[in-house]
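Biologist: Thanks for sharing this one! Could you pick a single part and take me through it closely, starting from the overall picture?

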Amino acid sequence: MLHLAVQRIAELAPQLAEHYGDDGPVAVVARASRDDELVLRGTLADIADQVAAAGVVRTAVVVVGPVLTAGEFPDSHLYSTTRAR
């Protein structure tokens with residue numbers, strides 16, 4: 001998990017891909033638990049383009065790794081769309 005690093009995602013994604021592969025799963029959660037929360041999901045190969053297209057430049061957490069695609073793990077309650085805010 002990377003905190004306050006989203007502005008460097010284009011630089012960090014290739015470095016992370018050395019360990020997780022270009023198809024390594026990644027999620028960017030911007031403005032978590034606010035009314036304007038945004039969750040982007042992709043791979044290390046495409047997440048920088050998604051972040052740029054969405055205009056995310058701060059207040060985001062980057063989560064990387066196979067836990068994002070594990071079938072037996074539910075989404076975090078903290079980021080759940082069903083959680084009352």
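Modeller: Happy to! Of the 85 residues in the protein, 33% are buried, where buried means under 20% relative accessible area, exposed means over 50% and partly exposed lies in between (1.4 Å probe, protein chains only). Please keep in mind that this is a predicted model, in which local features need pLDDT of at least 70 and side-chain atom pairs count only at pLDDT 80 or more, while totals for chains, interfaces and linings use all residues. Residues are numbered from 1 along each chain as its sequence is written, and side-chain values use heavy atoms, with hydrogens and water left out.

The protein has two helices and four strands, which follow one another from the N terminus as β-α-β-β-α-β. Its radius of gyration is 13 Å, close to the 12 Å that the globule rule gives for 85 residues, so the protein is as compact as a globular protein of that length. That radius is taken over C-alpha atoms, and the rule is 2.2 Å times the number of residues to the power 0.38. Helices (H or I, at least four residues) and strands (E, at least two) are DSSP runs, numbered from the N terminus. Among contacts with a separation of 6 or more, 56% are between residues 24 or more positions apart; a contact here means heavy atoms within 4.5 Å.

Now for the part I would pick: strand β2, residues 25-30. To place β2, start with the open sheet, where the four strands lie in the order β1-β4-β2-β3 with antiparallel pairing. The edges are β1 (2-3) and β3 (38-43), each of which pairs on one side only. Two strands count as paired if DSSP finds at least two bridges between them.

How does β2 sit with its partners? With β3, β2 pairs in the antiparallel sense over six bridges, and with β4 it does so over five bridges. Val28 is a good residue to follow across the sheet: it stands opposite Leu40 in β3, while its bridge partner in β4 is Val62. Val62 in β4 also stands opposite Leu2, and β1 pairs with β4 (residues 60-64) in the antiparallel sense over two bridges. Back in β2, Ala27 stands opposite Val63 in β4.

What about burial? Six of the six residues of β2 are buried, so this strand is largely enclosed by the rest of the structure. Both faces are covered: Pro25, Ala27 and Val29 are buried on one side, and Val26, Val28 and Ala30 on the other. Its neighbour β4 is mostly covered too, with five of its five residues buried. In β4, Ala60, Val62 and Val64 lie buried on one face, and Val61 and Val63 on the other.

One last stop brings us back to the start of β2. Gly65 is found in the segment after β4 and, at 3% relative accessibility, counts as buried. Leaving aside residues up to four places away in sequence, Gly65 touches Tyr20 and Pro25, the latter being one of the buried residues of β2. The C-alpha atoms of Gly65 and Leu44 are 9.8 Å apart, with these positions 21 residues apart along the chain.
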